[in-house]
Amino acid sequence: MEIIVGTNNPGKLEEIKSSLSNRQITFISYVDKLGRTVNFPETGTTFKENAEEKAGNYAKYLKEPVLADDGGLILEAFPTLLGLKTARFFTKDLTDSQKNQQLFNLMENEKNRNLILHATVSYVYPSGKVITVEEKLLGELTTKEVGTLGYGFDRCIFLPQERKTLAELSLPERNRFSPRVRALKKIIKLIEEEEDLL
């Protein structure tokens, strides 16, 4: 089975491929189908609405089922500052480390460093049928980058139960905690069940 992924983020596509290595499933970017990128506005008021809207737009455009996701970081100290607006919160064209530094600057005088990393994954058929799974990870924001693995916020999300950041964990360990990977594994099972019924 081939699953088209609606993302312009190469890191995200690689994470999907590496975390769901299944001989029966091949993940390809919608760009490989179209030969170009397409951007759709996100108008949802929740991660779920955005993921479903994104997947639905690509599915209608390609006339094939498409997998897409949405997610973000929620800081307990500033609950409405990031969330849905996580990508827009950061100055444009920053590296991962520069974005992390922007978070450190924001939280410089904050004692409450609790955070939630949220992930929603949706698979939408051209008919409009929708399958959606949501997962989250609880952690704490570090005061500096720790670790060298992973990407995005991995170097600044500390897991108290592991006494490590995500960037200090091996890929299999990181995948075990990653809300996106956990959501993907669940949705793949649901998609496979759906395909068996077709």
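**Pockets and sheet**

The second largest pocket has a volume of about 160 Å³. This is a predicted model. Lining that pocket are Ala87, Phe90, Thr91, Lys92, Asp93, Leu94, Thr95, Asp96 and Lys99. Sorted by class, its lining holds 3 nonpolar, 2 polar and 4 charged residues.

The largest pocket encloses about 1,400 Å³ of space. It is lined by 44 residues, and those closest to its centre are Asn9, Lys12, Gly71, Ala87 and Arg180. Ala87 is also named in the lining of the second largest pocket. The lining of the largest pocket divides into 14 nonpolar, 17 polar and 13 charged residues. At least two lining residues come from each of these helices: helix 1 (10-19), helix 3 (47-62), helix 4 (86-89), helix 5 (96-106), helix 6 (171-177) and helix 7 (179-197). Strand 3 (66-75) and strand 4 (114-124) each supply at least two as well.

Strands 3 and 4 also belong to an open sheet of 7 strands, with the order 2-1-3-4-5-6-7 and mixed pairing. Strand 2 (26-29) and strand 7 (164-165) are at the edges; each has a single partner strand, so one side of each lacks a neighbour in the sheet.

Further along the order, strand 5 (residues 130-141) and strand 6 (residues 157-159) run antiparallel and are joined by 2 bridges. Here Glu140 stands opposite Phe158 of strand 6.

Helix 3, one of the contributors to the lining of the largest pocket, lies across strand 1 (2-5), strand 3, strand 4 and strand 5. Its direction is at about 155 degrees to strand 3.

Note on methods. Residues numbered from 1 in each chain as written. Predicted model: local features only at pLDDT ≥ 70, side-chain atom pairs only at ≥ 80, totals over all residues. Heavy atoms only, no water. 1 Å grid on protein atoms, 1.4 Å probe; cavity = no way out; pocket = protein on both sides within 12 Å on 5 of 7 lines; lining within 4 Å. Points joined across faces, edges and corners; volume = space filled by probe spheres on them. Helix = DSSP H or I, 4+ residues; strand = E, 2+ residues; numbered from the N terminus. Nonpolar A, V, L, I, M, F, W, Y, C, P; charged D, E, K, R; others polar. Pairing = 2+ DSSP bridges. Contact = heavy atoms within 4.5 Å. Axes fitted to C-alpha atoms, helices over the stretch in contact; angles between N-to-C directions.
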